[in-house]
Amino acid sequence: MTVNVFDTPQDAAKSLAAEVAALIRSRSAENKQVVLGLATGATPLPFYAELIRLHKEEGLSFANVVSFNLDEYCGLPHEHKESYWYFMHQNLFNHIDIKPENVNLPSGMLADADIPAHCAAYEQKIKDCGGIDLQILGIGRTGHIGFNEPGSDDTTITRQVHLDDLTITDAAPAFGGKENVPATAITMGVATIMGARKVALMAWGDKKASIVQKAVEGPVTIDVAASYLQKHPNASFYLDSAAAADLKK
């Protein structure tokens, strides 16, 4: 694991976006696709803004990119403004030349009985695409990556999960109250994430400092899913100075 600390989120996002752009261009020159795992929430917004800038101003094409999103709330249709489908299209996909058929997100509109088969198919499609080349992550205050809440070990794969009360509390303002936040979601598992060839986790601000310290320097534990990244052969943290403030080393 490597830890990269930057003065601002924008500096960190530009560094990571440049790495992604180099990967895309290298694969494009070989006429090969790139498989990206993508995240949602406020954290990746400056990263997506930089990818859009690279596309519009520097000609970065996403025509050879296949994307798989980490997660989606259960019960939200695509047009719901808090659905991750809506988020990704508003903040990235609508502004670049990725092919619609190459965009993959878990479905939030399934009956509970249909979710296991959907999750199995999602896992299989990732495998059929050759696996994820680079997985983008944020980190929740529970230590979750995707929606792998405390109790998620490194054998978990794509599945339906119940959201932690802290996660629901953090989401409540966007939904207009805790009572409106979905109780469950579909998420890639820790094992799915760990299967990516490279993992890049971004975190900004002092509210993330404590959980970042646990993920990076604490024990590898089921209580902090992000701590499993210590065991990944090619994982990097991209932090601003505030998020890195509690690191001892």
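# A tour from the cavity outwards

Start inside: the lining of the largest cavity is made up of nine nonpolar residues, one polar and no charged. Keep in mind as you click around that this is a predicted model.

**Stop 1: the cavity.** Select L36, L38, L51, F62, V65, S67, L92, F93, I96 and I98, which line the largest cavity. About 50 Å³ of space sits inside. Searching the whole structure turns up one cavity of 30 Å³ or more. Now colour β2 (34–38) and β3, since each of these strands supplies at least two residues of that lining.

**Stop 2: the sheet.** With β2 and β3 lit up, bring in their partners. Seven strands make an open sheet, and reading across you get β1-β10-β9-β6-β2-β3-β5, with parallel pairing. At the edges are β1 (2–6) and β5 (103–104), each pairing on one side only. Zoom in on β3 (residues 65–69) and β5: the two run parallel and are joined by two bridges. For a landmark here, pick F68, which stands opposite N104 in β5.

**Stop 3: the largest pocket.** Next, select T40, G41, A42, Y84 and K208. These lie nearest the centre of the largest pocket, which has 31 lining residues. Elements giving two or more residues to this lining are β4 (71–73), α3 (84–91) and α5 (165–175). Which element gives the largest share of the lining? Colour α5 to see the answer: five residues come from this helix. The pocket's volume is about 900 Å³. Try colouring the lining by residue class, and you should find 13 nonpolar, eleven polar and seven charged residues.

**Stop 4: a salt bridge on α5.** Stay with helix α5 and pick out D165, then K178. They form a salt bridge, with the closest N and O atoms 2.9 Å apart. This pair links distant parts of the chain: D165 belongs to helix α5, K178 to the loop between α5 and β8 (184–187), and 13 residues separate them. Buried or exposed, or something in between? K178 counts as partly exposed because its relative accessibility is 38%. D165, at 47%, is partly exposed too.

**Stop 5: a longer link.** Now show the side chains of D133 and R197, which meet in a salt bridge (2.9 Å, N to O). Here again distant parts of the chain are linked: D133 is in the loop between α4 (115–128) and β6 (134–137), while R197 is in the loop between α6 (190–194) and β9 (198–203), 64 residues apart. D133 has 8% relative accessibility, so it counts as buried. R197 has 44%, so it counts as partly exposed.

**Stop 6: helix α2.** For the last stop, select R53 and E50, whose side chains meet in a salt bridge (2.9 Å, N to O). Both are in helix α2 (residues 45–58); they are three residues apart, so about one helical turn separates them. E50 is buried, at 9% relative accessibility, whereas R53 is partly exposed, at 26%. Then widen the selection to add E57 and E58: E50, R53, E57 and E58 are linked in a network of salt bridges.

Want to keep hunting? The structure holds ten salt bridges, and those you have just visited, including R53 with E50 and D133 with R197, are a handy place to begin.

Definitions and conventions:
Residues are numbered from 1 along each chain as its sequence is written. This is a predicted model: local features need pLDDT of at least 70, side-chain atom pairs count only at pLDDT 80 or more; totals for chains, interfaces and linings use all residues. Side-chain values use heavy atoms; hydrogens and water are left out. On a 1 Å grid over the protein atoms alone, a cavity is a set of points where a 1.4 Å probe fits but cannot get out, and a pocket is an open set with protein on both sides within 12 Å along at least five of seven lines; lining residues have an atom within 4 Å of a point. Grid points are joined across faces, edges and corners, and a volume is the space filled by probe spheres set on the points. Helices (H or I, at least four residues) and strands (E, at least two) are DSSP runs, numbered from the N terminus. Ala, Val, Leu, Ile, Met, Phe, Trp, Tyr, Cys and Pro count as nonpolar, Asp, Glu, Lys and Arg as charged, and the others, Gly among them, as polar. A salt bridge is a side-chain nitrogen of Lys or Arg within 4 Å of a carboxyl oxygen of Asp or Glu. Buried means under 20% relative accessible area, exposed over 50%, partly exposed in between (1.4 Å probe, protein chains only). Two strands pair if DSSP finds at least two bridges between them.
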